[in-house]
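Visitor: I'm new to reading protein models. Could you walk me through this one?

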Amino acid sequence: MKKGIHPDYHEINVVMTDGTSFQTRSTYGKSGDTMKLDIDPRTHPAWTGVHRLLDTGGQLAKFKNRFEAFGLQSV
């Protein structure tokens with residue numbers, strides 16, 4: 001291997017959304033740093049199969065108001 005071209009590969013702590021943690025090797029941060037996850041396989045709909053429709057900033061309401069003249073029925 002060539003010297004000086006590879007990133008520093010070290011152990012870090014990863015904290016999942018439910019508070020559990022584990023150690024892994026990564027190039028993230030410095031040795032011993034902690035990475036806190038906002039989304040992980042225990043909470044993300046792609047892995048849990050539970051999908052929720054969130055109306056952030058009233059975008060869904062704006063859409064319904066804009067296209068209610070077409071007679072669309074909401075489910």
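Guide: Sure! One definition to start: helices and strands here are DSSP runs, at least four residues long for helices and at least two for strands, numbered from the N terminus. Keep in mind that this is a predicted model.

Visitor: Which pattern does the protein chain follow along the sequence?
Guide: Start with the inventory: the protein chain has two helices and three strands. Now read along the sequence and write β for a strand and α for a helix. The pattern you get is β-β-β-α-α.

Visitor: What is the order of the strands in the open sheet?
Guide: Look for the edges: β2 (21–26) and β3 (34–36) each pair on one side only. β1 has partners in both, with six bridges joining it to β2 and three bridges to β3. The order is therefore β2-β1-β3, given that two strands pair if DSSP finds at least two bridges between them.

Visitor: What kind of pairing does that sheet have?
Guide: Take the two pairs in turn. β1 and β2 run antiparallel, and one example is N13, which stands opposite Q23 in β2. β1 and β3 pair in the parallel sense, with K36 in β3 as the bridge partner of V15. Put together, the pairing is mixed.

Visitor: How many residues sit between β1 and β2 in their hairpin?
Guide: G19 is a handy landmark, as its place is in the loop between β1 and β2. In that turn, G19 has a positive phi of about 100°. The number of residues between the two strands of the hairpin is five.

Visitor: Is G19 buried or exposed?
Guide: The cut-off for exposed is over 50% relative accessible area. G19 comes out at 53% relative accessibility, so this residue counts as exposed.

Visitor: How far apart in space are G19 and L37, C-alpha to C-alpha?
Guide: Along the sequence, G19 and L37 are 18 residues apart. For the distance in space, go from C-alpha to C-alpha, and you get 9.6 Å.

Visitor: Which residues make up the covered face of β1?
Guide: In a regular strand the side chains alternate between the two faces of the sheet. In β1, the uncovered face holds E11, N13 and V15. The covered face has H10, I12 and V14.

Visitor: Is H10 buried or exposed?
Guide: H10 lies in strand β1, and the cut-off for buried is under 20% relative accessible area. Among the residues that H10 touches are T24, R25, Y28 and K30. H10 has 5% relative accessibility, so this residue counts as buried.

Visitor: Which residue has a side chain joined to that of H10 by a polar contact?
Guide: Don't mix this up with strand pairing, where H10 stands opposite S26 in β2. The polar contact is 3.1 Å and links the side chain of H10 to that of D8.

Visitor: What share of the residues in the protein chain is buried?
Guide: The protein chain exposes about 6800 Å², with carbon and sulfur atoms supplying 54% of it. Now count by residue: of the 75 residues in the protein chain, the buried share is 8%.

Notes: Residues are numbered from 1 along each chain as its sequence is written. This is a predicted model: local features need pLDDT of at least 70, side-chain atom pairs count only at pLDDT 80 or more; totals for chains, interfaces and linings use all residues. Side-chain values use heavy atoms; hydrogens and water are left out. Buried means under 20% relative accessible area, exposed over 50%, partly exposed in between (1.4 Å probe, protein chains only). A polar contact is a pair of N or O atoms within 3.5 Å; within protein, one must be able to donate a hydrogen and the other to accept it, and residues adjacent in sequence count only if both atoms are side-chain atoms. Contact means heavy atoms within 4.5 Å. Accessible areas come from the Shrake-Rupley method with a 1.4 Å probe; for residues, only the protein chains shown count as cover. Lists of a residue's contacts leave out its neighbours within four places in sequence.
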